[in-house]
Amino acid sequence: MDCNKQLLRMMLLIRRFEETLTDLSQESQKLGGMMIVCTGQEAVAAGTGAALSPEDVLITNHRSHGHLLAKGAEPDFIMAEIFGRRTGYNKGKSGTLHIAAPEVNALCTTTVVGGGIPIAVGTAFAAQYTGKDFVTVCFFGDGATDEGSFHEALNLASLWNLPVIFACENNVYTGAQRMEEHTRVKDIATRAASYAMRTEIVDGNDALAVFEAMKKARADCLSGAGPLLVEFKTYRWGGHNTTDTQAYQPKDEIAVWKGRCPIQKLKASMTEAGTLTEDEFRRLESEAGKQVEHAVQFAEASPWPEPAEALEDVYV
Amino acid sequence: MQQLTLGQAVNQALREEMARDGRVFIAGEGVGIGIHSDPRMATHGLLEAFGPRRVRDTPVSEAAIAGLAVGAAVMGLRPVVEIMFNPFFTIAADQIVNHAAKLRYLSGGKSAFPLVVRIKTGAGIGAGCQHSHNLEAWLAHSPGLKVVMPSIPADAKGLLKSAIRDENPVIFIEDMILNFVPGPVPEEDYTTPIGVADIKKTGRDVTVVTWSKMLGVAFKAAGQLEQEGISVEIVDLRTLTPLDENTVLGSVRKTGRLAVLHEATRTGGFGGEIAALVAEKAFDALKAPVKRVAAPDIPVPFSKPLEDFYLPNENDLMQAVRGLFSSAP
């Protein structure tokens, strides 16, 4: 399939998925508590997913729905997990925050900020140790680079020349803190340079740029060039989670970034190139809507786990 | 039979398992080329035997070492990583407690994390409280982990081989003093089951539950108490979690008295768990209240007389055991 169309399709799915969760979380009967969504950051997920192979490993963080969908995880099973149902990827043990989909090598979603980065060193080590051709992509936010785990992991990955792509989604905010409130560093990428690691800064709202950067990063990793850090400059349209009032996010700033919508950006370039009509865009939008609607129906119709199932799956 | 220290027994287990299974590798600070070249140390000679691909010296990065193990394990390798001293575990704790222990559960039982974290521990080496601090109760409080603390070299060999073959994360805690005490170790390939306590000495009048190097203290006390006419049964827990409740309860039902002896500090120590277990499930068998013998609630001090004061000894245990008889009905 045409790569642009694949990217567009995935971004539309992620957008609808996250908007639906945002709506559902505000209808208190439907979903308990908060949702952490990636609305506005779809290009990073879609571009990365399109660049990866099924055998590649994904390690991600709390803002994971887009990453998981783009890695090929089933919307039905993600949604069911978010609903806490037995049919979810993790039988209701994980919920929205910790989904693992080993079926597509999405092996860890961790909500301990920075917690996944050392694990990515381990999965990448396994590739090197066994001589298998796969890379690990590890997503984290700008805030995670303030954690010790980030620095320990990057140093070791660099020292051992491991096939891992550290993918920093710099969405301007860490909780309620702007970049300049938690670090003097202007670009997160400079932190990786201190470990003699290759770095790249990419427009995280340009799906095609993300795809091209990750495709090259993957090929370089597999050729033995060692790890690298790719910093994606993007923006979180919503708050940290769906209960966040965003009092600290200037409205005009949000408006500027909405003007850089990754979906509209790709749509415009495809339209200009004559590879997308308005009708076709609407059709893709409608398909995404149906997929998410199906996922919600599947989740709502799925059984809750029996309470005693809480005792299962602790040990092998 | 060969006489080995605990460290040498661990070394033999590592050699045998690495030879048996190519998925096994070891990593840690100084596991290849360390500052000591002492044949009594657990990883001595492994680099020469297995090469740098499988014996990985790491930077001083405990979180990365533990994360390496978690990631390698989920991919099907069998990492055995070393955290040099128990207090340094706190730097690796996020990876061990939040990830190694929980990720299988969070996967809904789809993923497995067959890793071993070897941790050296114990007071009595004159290194002070940031090298010596027995934290086994912290680890035992993390569902998803198995916590093993061998007391004798033969058990160490068999338990480590079981740990490496186990599909779950196992924390394997080695007391450093035991690295200097040789004992008989079978030469053949054998495993010792995790989750099974061992009655190291049978007795009639009182049960002493203990683990790790306090086993030696229990034996010293038992020898003297026998001369006073008190017959002591010594249960070596060997594994804290999963806890072998039946062996503990069976012994207490037989003797009717219990003293728990551990090196870790008293409050929040695992001895409280043993006492609670017996209170819940064998209260009717008790002829006297349960006693705990443990270190005082202080950091491990440096100076020799202070460190000796910290460590529970045979006199502490004997006094506690005698108390069980004076308070009997």
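Glu278(A) is exposed in this predicted model, because only 9 other C-beta atoms lie within 10 Å of its own, and a residue counts as exposed when that number is 12 or fewer. This glutamate belongs to helix H12 of chain A, which spans residues 278–301. A useful landmark for orientation is Ile188(A): 90 residues separate Glu278(A) from Ile188(A) in sequence, and their C-alpha atoms lie 38 Å apart in space.

Helix H12 of chain A returns in the surroundings of another helix, H4(A), whose buried residues pack against H12 as well as against helix H1 (3–26) and helix H3 (65–71) of chain A. H4(A) covers residues 75–82 and is mostly covered, with eight of its eight residues buried. The buried set comprises Pro75(A), Asp76(A), Phe77(A), Ile78(A), Met79(A), Ala80(A), Glu81(A) and Ile82(A). Readers following the backbone onwards will meet Gly84(A) just after H4(A), where phi is positive at about 80 degrees.

Chain A also contains an open sheet of six strands, paired in parallel and arranged in the order E2-E1-E3-E4-E8-E7. Its edges are formed by strand E2 (106–109) and strand E7 (198–203), each of which pairs on one side only. On average, and with direction ignored, neighbouring strands in this sheet are turned by 15 degrees against each other. At the E7 edge, the partner is strand E8 (residues 228–233) of chain A, and the two strands are joined in the parallel sense over six bridges. Within this pairing, Thr199(A) is found opposite Leu229(A) of E8(A).

Turning to the meeting of the two chains, the contact draws 34 residues from chain A and 34 residues from chain B. On the side of chain B that touches chain A, helix H3 (62–74), helix H4 (89–100) and helix H5 (103–106) of chain B each contribute at least two residues. H3(B) provides the largest share of that side, with 10 residues. By character, the chain B side consists of 17 nonpolar, 13 polar and four charged residues.

Chain B itself is divided into domain 1 (2–185) and domain 2 (198–326). The centres of these two domains, taken over C-alpha atoms, are separated by 26 Å. Where the domains of chain B touch, 26 residues of domain 1 are in contact with 22 residues of domain 2. Several elements of chain B each supply at least two residues of the domain 1 side, namely helix H6 (136–140), strand E6 (146–148), helix H7 (153–165) and strand E7 (170–175). That side of domain 1 is made up of 14 nonpolar, eight polar and four charged residues.

The interior of the model offers a further view of both chains. The largest nonpolar core has 198 residues, and the members that touch the most other members are Val121(A), Val117(B), Ala259(B) and Leu317(B). Domain 1 and domain 2 of chain B each contribute at least three residues to this core. The surroundings of Val117(B) can be followed residue by residue: leaving aside residues up to four places away in sequence, Val117(B) touches Ala66(B), Ala69(B), Val81(B), Ile83(B), Ile96(B), Ile171(B) and Phe172(B).

Note on methods. Residues numbered from 1 in each chain as written. Chains lettered and ligands numbered in written order. Predicted model: local features only at pLDDT ≥ 70, side-chain atom pairs only at ≥ 80, totals over all residues. Pairing = 2+ DSSP bridges. Helix = DSSP H or I, 4+ residues; strand = E, 2+ residues; numbered from the N terminus. Axes fitted to C-alpha atoms, helices over the stretch in contact; angles between N-to-C directions. Contact = placed C-beta atoms within 7 Å. Nonpolar A, V, L, I, M, F, W, Y, C, P; charged D, E, K, R; others polar. Core = buried A, V, L, I, M, F, W, Y, C linked by C-beta atoms within 7 Å. Buried ≥ 20, exposed ≤ 12 C-beta atoms within 10 Å, placed from the backbone. Domains from an automatic or database assignment.
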